[in-house]
Amino acid sequence: RLLPEAWAAAQGGEGMDRCAEVVFEGRHGRPPVVLWYPEQALEEVRPPQSLLDAKAAYERGVEELAQKRAELKAAREFVCKERKELMAKDG
C-alpha cells in the first residue's frame, strides 16, 4: 500500500490533495479496514454527548475500581497480620 505522497508521485499528480488514513476496526477476529480519503472530504465530528458521558462514567468506574482494589489489598494484609498475631499468642 502506498502512502499518500508515494501514491501522488506514482500518479504524477502535482498538487494532489492531502489524504487521511481512516481505520475501521475489525470485529469478530477480522482485520481492520483501512481507507484513504482526501482531507477535504472529511469533517471533524464531535462525539454525541451520551458517548462522552459514558466515557466519563467508565473512567470514574476504573478509578473507583482501582481504589476498591487497594482497599481490599490493605484489608487482606490487615487480616493476615491479625491472624499471624493471634497464632503467635496461641502458639
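## Disulfides

Searching the whole structure, which is a predicted model, turns up zero disulfides. Two cysteines are worth a look anyway. Cys-19 comes out as partly exposed, at 24% relative accessible area. Cys-80 also falls in the partly exposed class, with a value of 37%.

## Salt bridges

How many salt bridges does a search of the whole structure find? It finds two. Let's start with Arg-18 and Glu-39, whose closest N and O atoms sit 3.5 Å apart. This pair ties together distant parts of the chain, with the two positions 21 residues apart in numbering. Arg-18 belongs to the loop between α1 (4–11) and β1, while Glu-39 belongs to the loop between β2 and α2 (49–90). As for solvent, Arg-18 is exposed at 61% relative accessible area, and Glu-39 is partly exposed at 37%.

The other bridge joins Glu-71 to Lys-68, with 3.9 Å between the closest N and O atoms. That still makes the cut, because a salt bridge needs the side-chain nitrogen within 4 Å of a carboxyl oxygen. Here both partners are in helix α2, three residues apart, or about one turn of the helix. Lys-68 is exposed, with a relative accessible area of 52%. Glu-71 has 40% and so counts as partly exposed.

## A nonpolar patch on the surface

Which residues form a nonpolar patch on the surface? They are Phe-24, Val-33 and Leu-35, and together they offer about 240 Å² of accessible area.

Take Leu-35, which lies in strand β2. Is Leu-35 buried or exposed? Neither, quite: at 33% relative accessibility, Leu-35 is partly exposed. Patch members need over 30% relative accessible area, so Leu-35 with its 33% passes that test.

## His-28 and its backbone

Now for a backbone detail. His-28 has a phi near 55 degrees, which is a positive value in a residue other than glycine. Where does His-28 sit? Its place is in the loop between β1 (19–24) and β2 (33–38).

The side of the story that concerns solvent is plain enough: His-28 has a relative accessible area of 81% and is therefore exposed. The cut-off for that label is over 50%.

## Pulling it together

The loop between β1 and β2 carries His-28, with its positive phi, and strand β2 carries Leu-35, one of the residues in the nonpolar patch. Past β2, the loop leading to α2 holds Glu-39, the partner of Arg-18 across distant parts of the chain. Helix α2 has a bridge of its own, between Glu-71 and Lys-68.

Key:
Residues are numbered from 1 along each chain as its sequence is written. This is a predicted model: local features need pLDDT of at least 70, side-chain atom pairs count only at pLDDT 80 or more; totals for chains, interfaces and linings use all residues. Side-chain values use heavy atoms; hydrogens and water are left out. Helices (H or I, at least four residues) and strands (E, at least two) are DSSP runs, numbered from the N terminus. Buried means under 20% relative accessible area, exposed over 50%, partly exposed in between (1.4 Å probe, protein chains only). Patches are made of residues with over 30% relative accessible area and no salt bridge: like charges are joined within 9 Å, nonpolar side chains (Val, Leu, Ile, Met, Phe, Trp, Tyr) within 5 Å. Accessible areas come from the Shrake-Rupley method with a 1.4 Å probe; for residues, only the protein chains shown count as cover. A disulfide is a pair of cysteine sulfur atoms within 2.5 Å.
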